[in-house]
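Biologist: Could you take a close look at one part of this model for me, the place where the two chains meet? I'd like the pairings, the pieces involved and some context on the partner.

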Amino acid sequence: MTRHLSTVRDLASMIDSGARVAVPPDYSGCAMAAVRELIRRGVRDLHLIGVPQAGFQADMLIGAGCVGTVESAAVTIGEYGPAPRFVAAVKAGAVRVLDSTCPAIHAGLQAAEKGIPFMPLRGILGSDLVAHRDDWRVIDNPFGEDDPIVALPAIRPDVALFHAGVADRFGNVWIGVRRELMLMAHAAAATLVTVEEIVDDDLLADERTAAGTIPALYVTALAKAPMGARPIGLGERYPADDGHLRRYVELARTEEGFRRYLDEFVLAGEVPA
Amino acid sequence: MSDYRAEELLIDVIAAMLEGLGHVAVGASSPIPGAAALLARERSDGGMRVSVLGSRRHNFFTDGGRELFDCAAQGRIDAFFLGGGQIDGQGNINLVGIGDYPRSKVRFPGSFGSAYLYFLIPRVILFRQEHNRKILVPKVDFISAPGVSDANVYRPGGPHALVTGRCVFRFDKPRRRFALATIHPGHTIEEVRDETSFDFDTPDSIATTPAPDAETLTLLRGPVAEALAETYPDFAARVFGELVTR
């Protein structure tokens, strides 16, 4: 049964220090309100998995000292420039980076989704990514001849964490075409979701919504968080708060500025809705 | 001589490389390749599909982030675009960082899908508007994706050309190096040599990159600008909005 929690804080309290947490990119529904709760609680040593890349939430969690390892095809805040706290942490050696590539993240999660130990993937051979990933193997295609192919271990997150528009009272979560969220939920041991609204209907009752819905079977816990993706946007519901993000990037250029941002918008205050 | 922007010439030259293809995909943060794909689509009389990442209207994927990659692996995508913080003379690209990995002096976002798409999409066009010795290097510091592979590696795809703000290089696969193809108006071969720190072949006669014609500019500033503005509003307004006479 999906647990319906009354606060985002309760939801975030289900993520322990050291957890392997899968998160979506900035365009796919990020549980920013929950991320701020993690920072307030001072969780440590998270293994963050970008599916397939991570943005502002990774930069903030890294800057706040919550992350031990980031496994991702990229850490990017797009048009806002380089992710400032990520870049600083890499230079300082303060975070371990498992550099990956988008389809390798998807393939690893697909292996977990299928309950198999690994997934083979074309390409990548001769990339320095392979040279630096001692958990990846180059094997011979057992059905071919002299056909090297990369084998990637299953990626099984402890937690998938994201934000979506609508859930129903049964715990089903509508994600539309954002099916990487479905993949995350299938692969993770637990799926924690914040949503804009919880409706009385059954999203699985109508095929038109059912096809884009993560069944409650995979959803461990839900909490309502209106504007829960802010300061970034959520699909067609609301755009990113551009001014706020520019201010973040400006402040986060320095450690001291980032601390000021955290004080104002995370530790003592909240991000404006 | 008609007035056009530098970006419009680049869009036109890239679009010419896409002629006759069935499906062109465009990755994130790529307004010029995106405009080129949309221009080629306009000229294709309905023959070309274009998938622009980040667009809702010009993107028909419905199966999440993995679909682009699965599509590419099946040969359903004919052309794609990659860039690089560094690009070297063997077509290797670096999207990770400068200096000793992992504690890079300059850290870029990461490899995205490059390590895979470079192998599987037949016509990969490298694009980087800035063209200088720091970007076009003899050897990249980190190979996100290699330009060439051994004969036994499954690789239907690879580099087709490198387009910069100064010139076009074609990639010569058997020779594993670039050959200068055309130089954009207002630029010179000496300048290209000075600003490129990898070796490349120089044919006896080098043509000037053709300027976009009036029909092309009409398409660019009309339907292409409109389609592109959904995903890249700032770029569309800046480049196709008010024309500044060069």
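Modeller: Let's start with a single pairing: Arg179(A) makes a salt bridge with Asp63(B), and their closest N and O atoms sit 3.0 Å apart. Keep in mind that this is a predicted model. That bridge belongs to a set of four found across the interface of chain A and chain B. Polar contacts add to the picture, with 18 residue pairs counted between the two chains, both partners at pLDDT 80 or more.

On the chain A side, several elements each supply at least two residues to the face touching chain B: helix 4 (84-92), strand 5 (96-99), helix 5 (102-114), helix 6 (128-132) and helix 7 (180-187). By residue type, that face of chain A splits into 17 nonpolar, 11 polar and 11 charged. Altogether, 39 residues from chain A and 34 residues from chain B take part in the contact. The two chains bury about 3,000 Å² between them, and carbon and sulfur atoms give 57% of that area.

Now for the partner. Chain B is built with seven helices and 13 strands. Its radius of gyration is 18 Å, close to the 18 Å from the globule rule for 246 residues, so chain B is as compact as a globular protein of that length. Along the principal axes, the C-alpha atoms of chain B fill a box of roughly 50 × 45 × 35 Å. Of the 246 residues in chain B, 56% are buried. And if you take the contacts in chain B between residues at least 6 apart in sequence, 70% of them join residues at least 24 apart.

Technical notes:
Residues are numbered from 1 along each chain as its sequence is written. Chains are lettered from A and ligands numbered from 1 in the order in which they are written. This is a predicted model: local features need pLDDT of at least 70, side-chain atom pairs count only at pLDDT 80 or more; totals for chains, interfaces and linings use all residues. Side-chain values use heavy atoms; hydrogens and water are left out. Contact means heavy atoms within 4.5 Å. Buried area is the accessible area (1.4 Å probe) that two parts lose on being put together, summed over both. A salt bridge is a side-chain nitrogen of Lys or Arg within 4 Å of a carboxyl oxygen of Asp or Glu. A polar contact is a pair of N or O atoms within 3.5 Å; within protein, one must be able to donate a hydrogen and the other to accept it, and residues adjacent in sequence count only if both atoms are side-chain atoms. Helices (H or I, at least four residues) and strands (E, at least two) are DSSP runs, numbered from the N terminus. Ala, Val, Leu, Ile, Met, Phe, Trp, Tyr, Cys and Pro count as nonpolar, Asp, Glu, Lys and Arg as charged, and the others, Gly among them, as polar. The radius of gyration is taken over C-alpha atoms; the globule rule is 2.2 Å times the number of residues to the power 0.38. Buried means under 20% relative accessible area, exposed over 50%, partly exposed in between (1.4 Å probe, protein chains only).
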